[in-house]
Amino acid sequence: MINGGPRYISPAPNGGFVVSEECGDVKVFMSSHKLVCSLSNKYGHRFGNPAGVCVDAEGSVVVADEQHRTVHLFPESGAPICLVSAGLRRPAGVACSPFGHLYVADTGENCVKVFKTLKER
């Protein structure tokens, strides 16, 4: 089920959940715990070390990548969108607010950074 060992988990609005794997991938599961997809396979995206994950109100998966120092959004359809590509030392956790804020726990700088990007897509 999980190859690289689970790291972070987030519930999804549809009753399912999303899990990041150590050194490799992010998997999306249905409420019945059946695998829906691997984001690496679905989008052809190469993760460095995926960490924190969350799912926004539209069902898009947001992933912090510690190695690449980025945060990407994976919509249900369409190509991945890089939300944050600079200013992060070691993004570990992410959370989405219903008001369009993206919170990123940057353990490399020992702080939480707030971005207002989600509603502006």
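In what order do the four strands of the open sheet lie, and with which pairing? I began my notebook with this point, working from a predicted model, and I found the order β5-β6-β7-β8 with antiparallel pairing. I then noted the edges, which are β5 (50–55) and β8 (81–84), each of them pairing on one side only. From one strand to the next the twist averages 25°.

**Entry: inside the four-stranded sheet**

I looked up how β6 and β7 meet, and I recorded that residues 61–65 of β6 and residues 70–74 of β7 pair in the antiparallel sense over five bridges. One pair I wrote down by name is Val-62, whose bridge partner in β7 is Leu-73.

**Entry: Val-71**

Next I asked myself whether Val-71, which is placed in strand β7, is buried or exposed. Its relative accessible area is 0%, and because the cut-off for buried is under 20%, I entered Val-71 as buried. I then listed what Val-71 touches, leaving aside residues up to four places away in sequence: the contacts include Val-62, Val-63 and Ala-64, and also Ile-81, Cys-82, Leu-83 and Val-84. Among the further contacts of Val-71 are Leu-88, Val-94, Leu-102 and Val-104. For Val-104 I also noted the distance, since its C-alpha atom is separated from that of Val-71 by 8.5 Å, with the two residues 33 apart along the chain.

**Entry: strand β10 and its neighbours**

The contact with Val-104 led me to β10 (residues 101–106), where I found that the side chains alternate. Leu-102, Val-104 and Asp-106 point to one face and are buried, whereas His-101, Tyr-103 and Ala-105 point to the other face and are not buried.

I followed β10 to β9 (residues 91–96), with which it pairs in the antiparallel sense over five bridges, and I noted that Val-94 stands opposite Val-104. These two strands form a hairpin with four residues between them, and in its turn Gly-100 has a positive phi of about 90°.

I then followed β10 to β11, where six bridges join the two strands and the run is again antiparallel. Here I recorded Asp-106 standing opposite Cys-111 in β11.

**Entry: positive phi outside glycine**

Which phi does Asn-110 take in the hairpin of β10 and β11? I found a positive value near 55° in a residue other than glycine, and I placed Asn-110 in the loop between these strands, a hairpin with four residues between the strands. Asn-110 counts as exposed, at 73% relative accessibility.

I added His-33 to this entry, as it has a positive phi of about 75° although it is not a glycine. I located His-33 in the loop between β3 (26–29) and β4 (35–38), and with 52% relative accessibility His-33 counts as exposed, because the cut-off for exposed is over 50%.

**Entry: a nonpolar patch**

Last, I looked up which residues make the nonpolar surface patch of about 270 Å², and I wrote down Tyr-103, Val-112 and Val-114. Tyr-103 was already in my notes as one of the β10 side chains on the face that is not buried. Val-114 is in strand β11 (residues 111–116), and at 49% relative accessibility I entered Val-114 as partly exposed.

Notes:
Residues numbered from 1 in each chain as written. Predicted model: local features only at pLDDT ≥ 70, side-chain atom pairs only at ≥ 80, totals over all residues. Heavy atoms only, no water. Pairing = 2+ DSSP bridges. Axes fitted to C-alpha atoms, helices over the stretch in contact; angles between N-to-C directions. Patch = residues over 30% accessible without salt bridge, like charges linked within 9 Å, V, L, I, M, F, W, Y side chains within 5 Å. Areas by Shrake-Rupley, 256 points an atom, 1.4 Å probe, with all protein chains shown as cover. Salt bridge = Lys/Arg side-chain N within 4 Å of Asp/Glu carboxyl O. Buried < 20%, exposed > 50% of the residue type's maximum accessible area, 1.4 Å probe, protein only. Contact = heavy atoms within 4.5 Å.
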